[in-house]
2 protein chains.
Amino acid sequence: MPTLEEVAQRSGVSRSTVSRVINNDPHVSEETRQKVLQAIAELDYHPNAVARSLAAGHTQIIGLVIPTAVAMLFSDPYFPRLIQGVAAECNASDYSVMLWIGEPEYERRTIHRHLNSGLLDGIIVASAVRGDPVVSALQQSGLPFVMVGRPDDPTISYVDVDNVHGAREAVLHLLRQGYRRVATITGPLNTAAAFDRLEGYRAALQSRGIAVDENLIAEGDFTEESGVLAMRKLLPHKPDAVFCASDTMAQGAMRVIRGEGLRIPEDIAIVGYDDMPFAVNLDPPLTTVRQPIERMGQEAVKLLLDLLAHPNDGPHRLVLPTELIIRASTVRGNS
Amino acid sequence: MPTLEEVAQRSGVSRSTVSRVINNDPHVSEETRQKVLQAIAELDYHPNAVARSLAAGHTQIIGLVIPTAVAMLFSDPYFPRLIQGVAAECNASDYSVMLWIGEPEYERRTIHRHLNSGLLDGIIVASAVRGDPVVSALQQSGLPFVMVGRPDDPTISYVDVDNVHGAREAVLHLLRQGYRRVATITGPLNTAAAFDRLEGYRAALQSRGIAVDENLIAEGDFTEESGVLAMRKLLPHKPDAVFCASDTMAQGAMRVIRGEGLRIPEDIAIVGYDDMPFAVNLDPPLTTVRQPIERMGQEAVKLLLDLLAHPNDGPHRLVLPTELIIRASTVRGNS
DNA sequence: GTTGGTTTTGGGAGCGCTCCCATACTCATT
DNA sequence: AATGAGTATGGGAGCGCTCCCAAAACCAAC
């Protein structure tokens, strides 16, 4: 591996000058620049990122942490898409992504070791649960970070989708279709997303003067199995529609409903959340709330880079819109 | 951020000695070690990973490359699970994972820059397509790397599952169930996985003295739609069972079969491959070949670390076993 | 008390870069 | 010619660590 010094010698200039052309410093004569460029090409020189980081005081690397608790959810494409968004935006901005998947026994020590190692310029935390130790460690460390999903602490920067609004629109749609006993299967209520979607559900009912019946609310954990369980609990209370906080749970709920010999949407309508790829292939195709997942990843990176550039700014917050995708699972009549 | 030097001063020893206790060098007296440890605790010192990397000549970071072409496949849980396996093993070995998702535009331009930046000690390439430029760049660079999935070039280290064996077991199972006209829907035959699975199919038939009927072989591309098309081609040749090289294609095939009013498994049995989460929820639940995806990620890391420790060893190869998961789609009678 | 071996410790020389400051050189302007 | 402003270059001093070698300390045995 050739070094800066060798390039300098070969092109007959100083180390500093080579550094300048590499970093596009304008204070280099065109002639010199060409000489240097040629030497770089001849030697197939590539700057050493580590040395550069040490000298410059930053690494151009950001960390993406996915806390343990949610890593299980890897069975749905949420995280892959988020990762893709983050990676794409980082590539575009000449940053690299360090992946950090929280392991069950990650102790505080390990967290701090990583956060204080100086390897990361900043961090994106995906979907932390309430009171996640990573978050407090992060705050302590002073490292710039942004969260995907609304945190409890209002001083933290984040990007989120408007879960309240998305859920409300979904439930209002159900109401407009004439359903009256609208139930909901929530996600784990220690996550902000699940909580907000439940809020949206309540808000929709209340705005139409419908009392919220707690019997029509069942908590799941975003998995299909939990959707099955929740639906079984709901059934005795005769709902005529169910708003599920994830497509995966909706899928479980649909299985139960069909198992009972009931029809969708004639007897019970179903709305999901996420617009997962499989939602359109369900029988019937699932009405659902689409979230711009990749975009969240992208925006999180943008926010973070902004934070790096302007450390004294207050926290950034960005709430992205959702989109209600109406399919056959909520539209009776012409089927 | 305190430095080594500050810890040294506070504990009244030299920089070198502090370095020794940090790196668990046995040549330190217990007394000194305690003094140093205390100073470290008091100052909340954490070694700077960048400086350490520069001085030591390695970074304890490995790259995980997911080539563009397959990034689309992010809609199935293969990559998430692989990533999880890689991350878990890296955590356990005190390495970090740098994620690198090939972007159409940036790939070519930045590939060499990344490989030669000295940031990565080694690389794992997930499912490269044939002739992927990343692979040749990698070979050129001299960076240690291992691939997940058998490469063309036999000098490259890799971990793979035993696709031939997995397919053979699946087909033998069909044969044992009494099916005689066993067809197959293959993946794209320019991928090693698809090729090997077809090999297994042939091997199974031949080992039972059954001639391979080329009319019973249809090529797909792992997508559901291609499963539909392939099944339509197969139907006129009256298969009584179909071995599909992916669950997704199996799903398509099942749709066609049911569309024809045929029963599964009474009229036609179906076997898939992958054991995707949805396989168990199909109607009927799908018999399939399960692959140890997380484990592949883990083993890939182990192989790579071994390669880093013993650079002069020849290429490592590891083929992991598959597991046949028998469900209702191949078992007639008691339904 | 000397010798020789072993263990423990200290200090210097980098790793390959950036950044700042000093120098040299260029070109008007007086 | 002398001055000053502006631009191009060079060189030194780090960034915070590891690694090697030499020095110091210790301990046993003669």
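# Helices, DNA and loops in a predicted model

Mentor: Start with helix 12 of chain B, residues 247-259, in this predicted model. At 1.5 Å a residue, its 13 residues should span 18 Å, and the end C-alpha atoms are 18 Å apart, so the two values agree.

Trainee: Which residues in helix 12 of chain B are buried?

Mentor: Asp247(B), Thr248(B), Met249(B), Ala250(B), Gly252(B), Ala253(B), Met254(B), Val256(B) and Ile257(B).

Trainee: And what do the buried residues of that helix pack against?

Mentor: Parts of chain B: strand 6 (182-186), helix 11 (224-234), strand 8 (241-244), strand 9 (269-271) and strand 10 (288-290). After helix 12 of chain B comes Gly261(B), with a positive phi near 80°.

Trainee: What about helix 6 of chain A, how does its length work out?

Mentor: Helix 6 of chain A covers residues 78-92, so at 1.5 Å a residue its 15 residues should span 21 Å. The end C-alpha atoms are 22 Å apart, which agrees.

Trainee: How many of its residues are buried?

Mentor: 13 of the 15, so helix 6 of chain A is mostly covered, taking buried as under 20% relative accessible area. Just after that helix, Asp94(A) has a positive phi of about 65°.

Trainee: Switching to the DNA. Which residues come nearest to strand C?

Mentor: There are 27 residues around DNA strand C, and the nearest are Leu4(A), Tyr45(A), Ser16(B), Arg20(B) and Thr32(B). Of the strand C atoms within 4 Å of the protein, sugar and phosphate make up 54%.

Trainee: Which polar contacts does chain B make there?

Mentor: Among them, a side-chain N or O atom of Ser16(B) is 2.5 Å from a base oxygen of DNA strand C. Thr17(B) has a polar side-chain atom 3.0 Å from a phosphate oxygen of that strand. Ala55(B) uses its backbone, with a polar atom 3.4 Å from a base oxygen of DNA strand C.

Trainee: What kinds of residues make up the surface near strand C?

Mentor: Eleven nonpolar, eleven polar and five charged. Helix 2 and helix 4 of chain A, and helix 2 and helix 4 of chain B, each supply at least two residues of that surface.

Trainee: How many residues surround strand D, and which are closest?

Mentor: 28 residues surround DNA strand D, and the closest are Ser14(A), Ser16(A), Thr32(A), Leu4(B) and Tyr45(B). Sugar and phosphate give 54% of the strand D atoms that come within 4 Å of the protein.

Trainee: Which contacts to bases and phosphate are there on strand D?

Mentor: One of them joins a side-chain N or O atom of Arg20(A) to a base oxygen of DNA strand D at 2.8 Å. A backbone N or O atom of Ala51(B) is 3.4 Å from a base nitrogen of the strand. Arg52(B) has a polar side-chain atom 3.2 Å from a phosphate oxygen of DNA strand D.

Trainee: And the residue classes near strand D, what are they?

Mentor: The surface near DNA strand D has eleven nonpolar, twelve polar and five charged residues. Helix 2 (15-22) and helix 4 (49-56) of chain A each supply at least two of its residues, as do helix 2 (15-22) and helix 4 (49-56) of chain B.

Trainee: What about the two protein chains, how many residues are in contact?

Mentor: 38 residues of chain B contact 41 residues of chain A. About 3600 Å² is buried between the two chains, with 64% of that area from carbon and sulfur atoms. On the chain B side, Val50(B), Leu99(B) and Asn116(B) lose the most area to chain A, together 15% of what that side buries.

Trainee: Any odd backbone spots? Where are the cis peptide bonds?

Mentor: One runs from Asp283(A) to Pro284(A), with omega near 0°. In chain B, the bond from Asp283(B) to Pro284(B) is cis too, with omega near -5°. Pro284(B) lies in the loop between strand 9 and strand 10 of chain B.

Trainee: What else is in that chain B loop?

Mentor: Asp274(B) is there, and so is Asp275(B). Asp274(B) has a positive phi near 125°, and Asp275(B) has a positive phi near 55°.

Trainee: Is Asp274(B) buried or exposed?

Mentor: Buried, with a relative accessible area of 12%. Asp275(B) is also buried, at 12%.

Trainee: Last one: where is Asp196(A), and what does Asp196(A) touch?

Mentor: Asp196(A) lies in helix 10 (residues 192-207) of chain A. Leaving out residues up to four places away in sequence, Asp196(A) touches Arg150(A), Asp160(A), Asn163(A) and Val164(A). Its relative accessible area is 7%, so Asp196(A) counts as buried.

Note on methods
Residues are numbered from 1 along each chain as its sequence is written. Chains are lettered from A and ligands numbered from 1 in the order in which they are written. This is a predicted model: local features need pLDDT of at least 70, side-chain atom pairs count only at pLDDT 80 or more; totals for chains, interfaces and linings use all residues. Side-chain values use heavy atoms; hydrogens and water are left out. Helices (H or I, at least four residues) and strands (E, at least two) are DSSP runs, numbered from the N terminus. The expected span of a helix is 1.5 Å times one less than its number of residues. Buried means under 20% relative accessible area, exposed over 50%, partly exposed in between (1.4 Å probe, protein chains only). A residue is near a molecule or strand if one of its heavy atoms lies within 4 Å of it. A polar contact is a pair of N or O atoms within 3.5 Å; within protein, one must be able to donate a hydrogen and the other to accept it, and residues adjacent in sequence count only if both atoms are side-chain atoms. Ala, Val, Leu, Ile, Met, Phe, Trp, Tyr, Cys and Pro count as nonpolar, Asp, Glu, Lys and Arg as charged, and the others, Gly among them, as polar. Contact means heavy atoms within 4.5 Å. Buried area is the accessible area (1.4 Å probe) that two parts lose on being put together, summed over both.
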